[in-house]
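Visitor: I'm new to this one. Can you walk me through it?
Guide: Happy to. Let's put it up first.

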2 protein chains.
Amino acid sequence: MKLSIIQFSPELGNIDHNISTLETLFSSMKEKPELVVLPELASTGYKFKDRNEALLYSEEVNNSRFIEFLTTRAKQMNCYMVAGFNEREGNKLYNSSVLTGPGGVVGIYRKLHLFWDEKDLFEPGNLGLPTFDTELGRIGMLICFDWMFPETWRALALKGAQLIAHPANLVLPYCQSVVPAYSLVNRLYIATANRIGTEDELTFTGQSVISGPKGEIIATGKTDTQEIISVDIDLAKALDKQITPRNNAFSDRRVDVYGNYGV
Amino acid sequence: MKLSIIQFSPELGNIDHNISTLETLFSSMKEKPELVVLPELASTGYKFKDRNEALLYSEEVNNSRFIEFLTTRAKQMNCYMVAGFNEREGNKLYNSSVLTGPGGVVGIYRKLHLFWDEKDLFEPGNLGLPTFDTELGRIGMLICFDWMFPETWRALALKGAQLIAHPANLVLPYCQSVVPAYSLVNRLYIATANRIGTEDELTFTGQSVISGPKGEIIATGKTDTQEIISVDIDLAKALDKQITPRNNAFSDRRVDVYGNYGV
């Protein structure tokens, strides 16, 4: 399948502008993607000065210009899309990502591990670590700082995720070097779509990365360039957890010793 | 503290020769180590042709020339040592490692995840993932292929291990590239002591590695050189799990979502 990551710089608090940027980027895509992964908070940018500002630019899943745009484009392009967005439910905000496709919204993930001052803006995710079945295969989502917690990747892998879409707004470069290791030990694909650009004192580190079930780095983005990174991958390979004829990454696990993540 | 890894090539089935090699290496050490980590099955070599041969060269913890030698040397050098050895208990064999020191044997770990044909020779480890308190700090042990299972590193970290000593007989180079990632996400030191040399069709990959709590690679060994790799590390740094003023690698964990490894 054809996977594309879009690395770009959302403008803070300007949903219409960000939709317009993405429209231009989608229109420029030469190869027809089957899955597109966008960064964290792609709808609004990241560094809200306070919760009121975050609230102002938040959207409900069922009443979101941003998700409506993505879904419309997913239908037109006959593909799936994953994107981070600023979600409001009632009076609560979540740092969320949406998986949408030709048939409409497939699922939502809410960031479990909030980074630094995000704790003043968002509620911690309350939807667990869901996976979603699509025609492409089973997909899980994580958002940015979730990467630091190996349990997240492992639990999604054990639930059968063949690809983990990972919208990010990384300011440090560690994650990008760790992602291939998580791919290797969990034998699955990871697509970390990181943003670029600067907001206040924050400079986002780009270098989006796609890695595969053997720990191979399939593609990486540049540090500060808006770009579409497209690759061909075979999600069936992520179903094979066999390491040697006598070793399996999953069934060799000693759940008697360290449990099973509640899976 | 001063940590030394010894990367060498044990001779198959020749415990006395391997003791002699180590004696020469210990005597050559210029800097006085406080902890020495040796490879997996340092007493006997790796590729036994069958279980009978493995049995022939196995030793009981309390009746082992190899462990007696290490403990005697640990007393003389006033240091701790970790080494892989071929352990017999009753009629059962384990791929084990010992932590010994000036006061005698501190603890034993038995490899949880057996690789390939090791399954014909050894029982799977039945001592869980213990940690051991020493004057240097709290130490955990893993052996070679255990590396593939992120639960092992995490469970030891959550039990307070500041350093994981990791005797290995690696034939692939993946582990060495993943070890710094495990250090980073668990905020602790890892000392992977890998052997060199060849047995049958197996060529061991050397490249022993020491990594620290920020994911930094502190030292690496060469591919096929017998060598002593010595570094200064500060185990107190592994007690600090704070990532940002508002993020902690341990307390930010969502145990409500993915459990806690039975810790």
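Visitor: In what order do the six strands of the open sheet 6-13 side of chain B come, and how are they paired?
Guide: First, a caution: this is a predicted model. The order in chain B is 6-7-8-9-12-13, and the pairing is mixed.

Visitor: Which strands sit at the edges?
Guide: Strand 6 (131-133) and strand 13 (217-220) of chain B. Each pairs on one side only.

Visitor: And how much are neighbouring strands turned against each other?
Guide: By 15 degrees on average, ignoring direction.

Visitor: How many bridges join strand 6 to strand 7 in chain B?
Guide: Three, and the two strands run antiparallel. Strand 7 covers residues 138-141. One pairing to look for: B:F132 has B:I139 in strand 7 as its bridge partner.

Visitor: Which strands does helix 4 of chain B touch?
Guide: Helix 4 (residues 150-158) packs on this sheet and touches strands 6, 7, 8 and 9 of chain B. Its direction makes about 145 degrees with that of strand 8. Helix 5 of chain B packs on the sheet too. That helix touches strands 8, 9, 12 and 13, and its direction makes about 165 degrees with that of strand 9.

Visitor: Now the other sheet in chain B. What's the strand order there?
Guide: This open sheet of six strands runs 5-4-3-2-1-14, with mixed pairing. Strand 5 (104-110) and strand 14 (227-232) stand at its edges. Each has a single partner strand, so one side of each has no neighbour in the sheet. The twist averages 30 degrees from one strand to the next.

Visitor: How do strands 1 and 14 of chain B pair?
Guide: In the antiparallel sense, over six bridges. Look for B:Q7, which stands opposite B:E227 in strand 14.

Visitor: What does helix 1 of chain B touch on that sheet?
Guide: Helix 1 (residues 15-28) touches strands 1, 2, 3 and 14 of chain B. Its direction makes about 145 degrees with that of strand 1. Helix 3 (residues 65-77) of chain B also packs on the sheet, touching strands 3, 4 and 5. The direction of helix 3 makes about 165 degrees with that of strand 3.

Visitor: Switching topic. Where do the two chains' helices 5 stand: at what angle do they cross?
Guide: Roughly 120 degrees. The axes of helix 5 (residues 174-186) of chain A and helix 5 of chain B come within 9 Å. The two helices are therefore oblique to each other. The crossing is left-handed.

Visitor: Which residues meet there?
Guide: From chain A: A:Y174, A:V178, A:A181, A:Y182, A:L184 and A:V185. They meet B:Y174, B:V178, B:A181, B:Y182, B:L184 and B:V185. By class, the contact has 12 nonpolar, no polar and no charged residues.

Visitor: Over to chain A. How do helix 1 and helix 3 lie to each other?
Guide: They are roughly parallel. Their axes cross at roughly 15 degrees and come within 10 Å. That crossing is right-handed. Helix 1 of chain A contributes residues including A:I15, A:L22 and A:F26, and helix 3 of chain A brings A:F66, A:F69 and A:L70 among others. The contact has eight nonpolar, one polar and four charged residues.

Visitor: Is A:F8 buried or exposed?
Guide: A:F8 is buried, with a relative accessible area of 0%. It is in the loop between strand 1 (2-7) and helix 1 of chain A. Beyond its neighbours within four places in sequence, A:F8 is in contact with residues including A:L22, A:P39 and A:I196. The C-alpha atoms of A:F8 and A:L22 are separated by 8.7 Å, though the two are 14 residues apart along the chain.

Visitor: What about A:S43, buried or exposed?
Guide: Buried, with a relative accessible area of 1%. A:S43 lies in the loop between strand 2 (35-37) and helix 2 (51-56) of chain A. Leaving out residues up to four places away, A:S43 touches A:N14, A:F66 and A:F85, among others.

Visitor: Last one: how many residues of helix 4 in chain A are buried?
Guide: Nine of the nine, so helix 4 (residues 150-158) is largely enclosed by the rest of the structure. Among them are A:W153 and A:R154. Just after this helix, A:G160 takes a positive phi of about 95 degrees.

Methods: Residues numbered from 1 in each chain as written. Chains lettered and ligands numbered in written order. Predicted model: local features only at pLDDT ≥ 70, side-chain atom pairs only at ≥ 80, totals over all residues. Heavy atoms only, no water. Axes fitted to C-alpha atoms, helices over the stretch in contact; angles between N-to-C directions. Helix = DSSP H or I, 4+ residues; strand = E, 2+ residues; numbered from the N terminus. Parallel < 35°, antiparallel > 145°, perpendicular 65-115°, else oblique. Left-handed = near helix turned anticlockwise from the far one by under 90°. Contact = heavy atoms within 4.5 Å. Nonpolar A, V, L, I, M, F, W, Y, C, P; charged D, E, K, R; others polar. Pairing = 2+ DSSP bridges. Buried < 20%, exposed > 50% of the residue type's maximum accessible area, 1.4 Å probe, protein only.
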